[in-house]
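Reader: I'd like to go through this one and ask how each label was earned. Can you show me the model?

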Amino acid sequence: MDQTRAVFQGKFDLLENIKISPLSRGYTFSDGVYEVVPFLNKTPIAFDDHIKRLKNSASALNIFPDLSKVSSEISALIDANEIVNGYVYYQISRGQDLTRNHLYESNLEPEYFGYIKNHDFHDQQFKVLLCDDIRWNRCDIKSISLLPNILMMNDAASKGCKEIIMHKEGLVTEAGASNVFFIMDENICTPKLNNNILPGITRSMTIEIFKKNGIDVLEEDFQVKHLLSASKIWLTSSTKGMAEVFDILSQEHNIKEESLLYDKCVSVFKKGFFN
Ligand code: PDD
(Lines give C-alpha, C1' and ligand atoms only; values in the text may rest on other atoms or scores of the structure.)
Protein backbone atom coordinates (compact mmCIF):
# COMPACT_ATOMS: atom_id res chain seq x y z
CA MET A 1 0.00 0.00 0.00
CA ASP A 2 1.28 3.46 -0.87
CA GLN A 3 1.93 5.33 2.38
CA THR A 4 2.38 8.77 0.79
CA ARG A 5 0.93 11.42 3.08
CA ALA A 6 -1.14 14.19 1.61
CA VAL A 7 -3.56 16.98 2.33
CA PHE A 8 -6.61 18.00 0.31
CA GLN A 9 -8.98 20.81 1.29
CA GLY A 10 -7.49 20.96 4.77
CA LYS A 11 -7.86 17.22 5.44
CA PHE A 12 -4.70 15.15 5.99
CA ASP A 13 -4.86 11.58 4.69
CA LEU A 14 -3.00 8.97 2.67
CA LEU A 15 -2.63 10.13 -0.92
CA GLU A 16 -4.54 7.09 -2.21
CA ASN A 17 -7.62 8.04 -0.18
CA ILE A 18 -7.93 11.50 -1.72
CA LYS A 19 -10.64 11.88 -4.33
CA ILE A 20 -11.29 14.85 -6.59
CA SER A 21 -14.25 15.75 -8.75
CA PRO A 22 -13.79 15.23 -12.50
CA LEU A 23 -15.18 18.77 -12.79
CA SER A 24 -12.28 20.19 -10.83
CA ARG A 25 -10.81 22.81 -13.16
CA GLY A 26 -7.43 21.43 -12.21
CA TYR A 27 -8.53 18.22 -13.93
CA THR A 28 -10.42 19.61 -16.95
CA PHE A 29 -8.33 22.72 -17.74
CA SER A 30 -5.04 22.45 -15.72
CA ASP A 31 -6.33 25.69 -14.26
CA GLY A 32 -3.90 26.04 -11.37
CA VAL A 33 -0.40 26.62 -10.07
CA TYR A 34 2.09 24.69 -7.96
CA GLU A 35 5.31 24.65 -5.98
CA VAL A 36 7.90 22.04 -5.11
CA VAL A 37 9.35 22.90 -1.70
CA PRO A 38 12.52 20.96 -0.85
CA PHE A 39 13.52 20.22 2.75
CA LEU A 40 16.67 18.89 4.30
CA ASN A 41 16.89 17.57 7.86
CA LYS A 42 13.21 18.56 8.13
CA THR A 43 14.03 22.21 7.36
CA PRO A 44 12.48 23.73 4.22
CA ILE A 45 14.95 25.39 1.84
CA ALA A 46 13.94 28.98 0.91
CA PHE A 47 10.41 28.41 2.23
CA ASP A 48 9.36 32.08 2.08
CA ASP A 49 10.55 32.40 -1.52
CA HIS A 50 8.43 29.42 -2.56
CA ILE A 51 5.35 30.84 -0.84
CA LYS A 52 5.96 34.22 -2.46
CA ARG A 53 6.28 32.68 -5.93
CA LEU A 54 3.11 30.63 -5.34
CA LYS A 55 1.31 33.85 -4.47
CA ASN A 56 2.62 35.55 -7.63
CA SER A 57 1.68 32.60 -9.84
CA ALA A 58 -1.80 32.36 -8.32
CA SER A 59 -2.51 36.06 -8.58
CA ALA A 60 -1.49 35.98 -12.27
CA LEU A 61 -4.43 33.56 -12.62
CA ASN A 62 -6.72 35.72 -10.45
CA ILE A 63 -6.64 33.16 -7.66
CA PHE A 64 -6.06 34.60 -4.20
CA PRO A 65 -5.22 31.73 -1.85
CA ASP A 66 -4.99 31.70 1.92
CA LEU A 67 -1.19 31.59 2.15
CA SER A 68 -0.96 31.13 5.90
CA LYS A 69 -3.05 27.96 5.48
CA VAL A 70 -0.68 26.84 2.68
CA SER A 71 2.44 27.46 4.81
CA SER A 72 1.02 25.67 7.82
CA GLU A 73 -0.09 22.66 5.76
CA ILE A 74 3.35 22.32 4.15
CA SER A 75 5.00 22.62 7.59
CA ALA A 76 2.56 20.08 9.06
CA LEU A 77 3.33 17.56 6.30
CA ILE A 78 7.05 17.92 7.03
CA ASP A 79 6.72 17.89 10.83
CA ALA A 80 4.26 15.02 11.12
CA ASN A 81 6.17 12.57 8.94
CA GLU A 82 9.23 10.41 9.40
CA ILE A 83 10.72 11.67 6.11
CA VAL A 84 13.90 13.64 6.84
CA ASN A 85 14.98 14.77 3.36
CA GLY A 86 12.48 15.33 0.59
CA TYR A 87 10.03 17.76 -0.88
CA VAL A 88 6.42 18.82 -0.63
CA TYR A 89 4.48 19.15 -3.87
CA TYR A 90 1.70 21.69 -3.36
CA GLN A 91 -0.86 22.85 -5.89
CA ILE A 92 -3.72 25.29 -5.87
CA SER A 93 -6.33 25.02 -8.56
CA ARG A 94 -9.28 27.26 -9.24
CA GLY A 95 -12.03 24.99 -7.94
CA GLN A 96 -14.92 22.89 -9.16
CA ASP A 97 -17.28 23.85 -11.97
CA LEU A 98 -20.95 22.87 -12.12
CA THR A 99 -20.48 22.21 -15.83
CA ARG A 100 -17.25 22.43 -17.76
CA ASN A 101 -16.96 25.98 -19.02
CA HIS A 102 -13.93 28.00 -20.11
CA LEU A 103 -15.40 30.96 -18.26
CA TYR A 104 -15.06 30.45 -14.54
CA GLU A 105 -17.52 31.58 -11.89
CA SER A 106 -16.11 34.27 -9.62
CA ASN A 107 -17.13 32.52 -6.40
CA LEU A 108 -15.35 29.18 -6.85
CA GLU A 109 -13.58 27.79 -3.80
CA PRO A 110 -9.95 27.05 -4.70
CA GLU A 111 -8.69 23.49 -4.23
CA TYR A 112 -5.57 23.04 -2.10
CA PHE A 113 -3.63 19.81 -2.52
CA GLY A 114 -0.21 18.76 -1.30
CA TYR A 115 1.80 15.62 -0.64
CA ILE A 116 5.20 14.80 0.78
CA LYS A 117 7.89 12.70 -0.87
CA ASN A 118 11.19 11.31 0.20
CA HIS A 119 14.05 12.63 -1.96
CA ASP A 120 17.74 11.93 -2.03
CA PHE A 121 19.63 15.12 -2.93
CA HIS A 122 22.50 13.24 -4.55
CA ASP A 123 24.66 14.60 -7.35
CA GLN A 124 23.02 14.07 -10.71
CA GLN A 125 24.34 14.33 -14.25
CA PHE A 126 22.23 14.85 -17.34
CA LYS A 127 22.40 14.25 -21.03
CA VAL A 128 20.06 16.82 -22.60
CA LEU A 129 18.30 17.32 -25.90
CA LEU A 130 18.48 20.81 -27.34
CA CYS A 131 15.08 21.78 -28.68
CA ASP A 132 12.84 24.56 -29.83
CA ASP A 133 10.82 26.06 -26.95
CA ILE A 134 7.21 25.38 -27.96
CA ARG A 135 5.67 26.76 -24.73
CA TRP A 136 3.42 29.81 -24.27
CA ASN A 137 4.81 33.24 -23.41
CA ARG A 138 3.97 33.24 -19.66
CA CYS A 139 6.49 30.65 -18.51
CA ASP A 140 7.23 32.92 -15.53
CA ILE A 141 3.99 31.52 -14.02
CA LYS A 142 4.50 28.16 -12.31
CA SER A 143 1.39 26.69 -13.91
CA ILE A 144 0.36 23.02 -13.60
CA SER A 145 -0.30 23.15 -17.35
CA LEU A 146 2.92 21.54 -18.55
CA LEU A 147 1.93 19.72 -21.74
CA PRO A 148 4.70 21.21 -23.93
CA ASN A 149 7.33 20.27 -21.32
CA ILE A 150 5.87 16.76 -21.14
CA LEU A 151 5.94 16.31 -24.92
CA MET A 152 9.47 17.68 -25.30
CA MET A 153 10.90 15.81 -22.30
CA ASN A 154 9.38 12.48 -23.33
CA ASP A 155 10.67 12.92 -26.86
CA ALA A 156 14.08 13.58 -25.28
CA ALA A 157 13.72 10.48 -23.07
CA SER A 158 13.06 8.34 -26.15
CA LYS A 159 16.45 9.59 -27.39
CA GLY A 160 18.23 8.74 -24.14
CA CYS A 161 18.12 12.23 -22.59
CA LYS A 162 16.66 12.92 -19.15
CA GLU A 163 16.28 16.69 -19.70
CA ILE A 164 16.05 19.27 -22.46
CA ILE A 165 17.49 22.75 -22.95
CA MET A 166 15.16 24.99 -24.91
CA HIS A 167 15.68 28.03 -27.11
CA LYS A 168 13.21 30.59 -28.43
CA GLU A 169 14.06 32.71 -31.47
CA GLY A 170 17.69 31.72 -31.10
CA LEU A 171 17.92 32.59 -27.40
CA VAL A 172 18.44 30.01 -24.68
CA THR A 173 15.48 29.94 -22.26
CA GLU A 174 15.64 27.13 -19.69
CA ALA A 175 15.40 23.39 -19.23
CA GLY A 176 12.20 21.31 -19.02
CA ALA A 177 12.12 21.42 -15.20
CA SER A 178 15.20 23.48 -14.29
CA ASN A 179 17.15 26.63 -15.07
CA VAL A 180 20.39 26.69 -17.06
CA PHE A 181 23.87 27.98 -16.22
CA PHE A 182 27.09 27.63 -18.18
CA ILE A 183 30.70 28.75 -18.23
CA MET A 184 31.84 30.64 -21.31
CA ASP A 185 35.30 32.23 -21.45
CA GLU A 186 35.62 31.83 -17.64
CA ASN A 187 32.34 33.73 -17.12
CA ILE A 188 29.34 32.19 -15.37
CA CYS A 189 26.31 32.84 -17.56
CA THR A 190 22.57 32.34 -17.16
CA PRO A 191 19.70 33.61 -19.30
CA LYS A 192 18.16 36.74 -17.81
CA LEU A 193 14.63 36.52 -16.43
CA ASN A 194 11.69 37.35 -18.64
CA ASN A 195 8.25 35.91 -19.46
CA ASN A 196 9.83 32.88 -21.14
CA ILE A 197 11.65 31.67 -18.03
CA LEU A 198 10.55 30.51 -14.60
CA PRO A 199 12.26 32.62 -11.92
CA GLY A 200 13.79 29.55 -10.26
CA ILE A 201 14.38 29.76 -6.53
CA THR A 202 17.53 27.67 -6.89
CA ARG A 203 18.63 29.94 -9.74
CA SER A 204 18.43 33.03 -7.54
CA MET A 205 20.01 31.19 -4.60
CA THR A 206 22.87 30.14 -6.88
CA ILE A 207 23.49 33.72 -8.01
CA GLU A 208 23.41 34.93 -4.41
CA ILE A 209 25.69 32.18 -3.09
CA PHE A 210 28.16 32.75 -5.90
CA LYS A 211 28.18 36.54 -5.36
CA LYS A 212 28.88 36.04 -1.65
CA ASN A 213 31.86 33.94 -2.69
CA GLY A 214 33.23 36.47 -5.16
CA ILE A 215 31.91 34.74 -8.29
CA ASP A 216 29.93 37.04 -10.59
CA VAL A 217 27.12 35.78 -12.78
CA LEU A 218 26.21 37.36 -16.13
CA GLU A 219 22.44 37.49 -16.53
CA GLU A 220 21.88 38.31 -20.18
CA ASP A 221 20.30 37.06 -23.39
CA PHE A 222 22.42 34.19 -24.64
CA GLN A 223 22.31 32.59 -28.04
CA VAL A 224 22.46 28.86 -28.68
CA LYS A 225 25.97 29.31 -30.10
CA HIS A 226 27.08 30.73 -26.72
CA LEU A 227 25.70 27.69 -24.91
CA LEU A 228 27.42 25.41 -27.40
CA SER A 229 30.74 27.11 -26.80
CA ALA A 230 30.48 26.46 -23.04
CA SER A 231 33.18 24.57 -21.18
CA LYS A 232 30.63 23.51 -18.54
CA ILE A 233 26.83 23.53 -18.40
CA TRP A 234 24.62 22.79 -15.40
CA LEU A 235 20.98 22.85 -14.38
CA THR A 236 19.45 24.10 -11.14
CA SER A 237 16.20 23.16 -9.47
CA SER A 238 14.76 22.50 -6.04
CA THR A 239 15.12 18.74 -6.44
CA LYS A 240 18.32 18.63 -8.53
CA GLY A 241 20.30 21.31 -6.70
CA MET A 242 23.17 21.89 -9.12
CA ALA A 243 23.31 19.12 -11.74
CA GLU A 244 25.98 18.88 -14.41
CA VAL A 245 25.10 18.43 -18.08
CA PHE A 246 27.58 15.95 -19.53
CA ASP A 247 26.31 15.86 -23.10
CA ILE A 248 24.00 17.73 -25.47
CA LEU A 249 22.37 15.57 -28.10
CA SER A 250 22.98 16.17 -31.79
CA GLN A 251 25.54 18.90 -31.27
CA GLU A 252 29.23 18.51 -31.52
CA HIS A 253 31.13 20.27 -28.84
CA ASN A 254 33.16 19.50 -25.78
CA ILE A 255 31.71 20.32 -22.38
CA LYS A 256 33.85 17.77 -20.62
CA GLU A 257 36.82 20.03 -20.09
CA GLU A 258 38.30 20.33 -16.64
CA SER A 259 37.32 23.65 -15.02
CA LEU A 260 38.65 24.92 -11.71
CA LEU A 261 35.98 27.64 -11.77
CA TYR A 262 33.27 24.98 -12.06
CA ASP A 263 34.76 22.98 -9.16
CA LYS A 264 34.66 26.14 -7.03
CA CYS A 265 31.03 26.79 -8.07
CA VAL A 266 30.00 23.27 -7.00
CA SER A 267 31.75 23.60 -3.66
CA VAL A 268 30.28 27.01 -2.71
CA PHE A 269 26.81 26.02 -3.97
CA LYS A 270 26.69 22.92 -1.77
CA LYS A 271 27.76 24.91 1.29
CA GLY A 272 25.16 27.63 0.58
CA PHE A 273 22.21 25.50 -0.58
CA PHE A 274 22.44 22.78 2.07
CA ASN A 275 23.63 24.90 4.99
N1 PDD B 1 10.61 22.43 -11.48
N2 PDD B 1 12.20 25.93 -14.75
C3 PDD B 1 11.16 25.08 -14.81
C4 PDD B 1 10.38 24.99 -16.07
C5 PDD B 1 10.83 24.29 -13.69
O6 PDD B 1 9.78 23.45 -13.74
C7 PDD B 1 11.61 24.40 -12.51
C8 PDD B 1 11.31 23.61 -11.28
C9 PDD B 1 12.70 25.30 -12.51
C10 PDD B 1 13.56 25.48 -11.28
O11 PDD B 1 12.87 26.18 -10.28
P12 PDD B 1 13.25 26.00 -8.74
O13 PDD B 1 14.71 26.23 -8.60
O14 PDD B 1 12.44 27.02 -8.07
O15 PDD B 1 12.85 24.58 -8.38
C16 PDD B 1 12.95 26.06 -13.63
C17 PDD B 1 10.10 21.70 -10.33
C18 PDD B 1 11.16 21.23 -9.40
C19 PDD B 1 9.19 20.60 -10.83
O20 PDD B 1 8.38 20.90 -11.68
O21 PDD B 1 9.26 19.47 -10.34
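Author: Here are some questions and answers about the sheet, the helices and the ligand shell. Keep in mind that this is a predicted model.

Reader: Let's start with the helices. What makes α5 roughly perpendicular to α7?

Author: The angle does. α5 and α7 (residues 260–273) pack at about 110 degrees, with axes 9 Å apart. Angles of 65 to 115 degrees count as roughly perpendicular, so α5 is roughly perpendicular to α7. As for handedness, α5 passes α7 in a right-handed crossing.

Reader: How do you know which residues of α5 and α7 meet?

Author: Contact here means C-beta atoms within 7 Å. On the α5 side that picks out M205, T206, I209 and F210, and on the α7 side C265, V268, F269, G272 and F273. Sorted by class, this contact has 7 nonpolar, 2 polar and no charged residues.

Reader: Which residue class does glycine fall in?

Author: Gly counts as polar, so G272 of α7 goes with the polar residues by that definition.

Reader: On to the sheet. What makes β2 and β4 edge strands?

Author: The open sheet has 6 strands in the order β2-β1-β6-β5-β3-β4, with antiparallel pairing. β2 (11–14) and β4 (43–44) each pair on one side only, and they are the edge strands.

Reader: How do you know that β5 and β6 pair?

Author: Pairing takes at least two bridges. β5 (residues 86–93) and β6 (residues 111–118) have 8, in the antiparallel sense, so they pair by that cut-off. Within this pair, V88 stands opposite I116 in β6. Helix α3 (residues 67–79) packs on the sheet and makes about 25 degrees with the direction of β6.

Reader: What can you say about helix α2 and β3?

Author: α2 (residues 47–60) lies across β3 (32–40), β4 and β5, running at about 175 degrees to β3. Anything over 145 counts as roughly antiparallel, so α2 and β3 fit that label.

Reader: And which way do the partners of β14 run?

Author: β7 (residues 125–132) runs parallel to β14 (residues 241–249), joined by 5 bridges. β13 is also joined to β14 by 5 bridges, but runs antiparallel. β13 and β14 form a hairpin with 3 residues between them, and W234 has E244 in β14 as its bridge partner.

Reader: Last one: which residues come nearest the ligand?

Author: Of the 14 around the ligand, L198, G200, I201, T202 and S238 come nearest. α5 (201–212) and β13 (232–237) are the elements giving two or more residues to that shell. α5 gives the most, with 3.

Note on methods: Residues are numbered from 1 along each chain as its sequence is written. This is a predicted model: local features need pLDDT of at least 70, side-chain atom pairs count only at pLDDT 80 or more; totals for chains, interfaces and linings use all residues. A residue is near a molecule or strand if its C-beta atom, placed from the backbone, lies within 6 Å of it. Helices (H or I, at least four residues) and strands (E, at least two) are DSSP runs, numbered from the N terminus. Two residues are in contact if their C-beta atoms, placed from the backbone, lie within 7 Å. Axes are lines fitted to C-alpha atoms, for helices over the stretch in contact, and angles run from 0 to 180 degrees between N-to-C directions. Angles under 35 degrees count as roughly parallel, over 145 as roughly antiparallel, 65 to 115 as roughly perpendicular and the rest as oblique. A crossing is left-handed if the near helix is turned anticlockwise from the far one by less than a right angle, and right-handed if clockwise.
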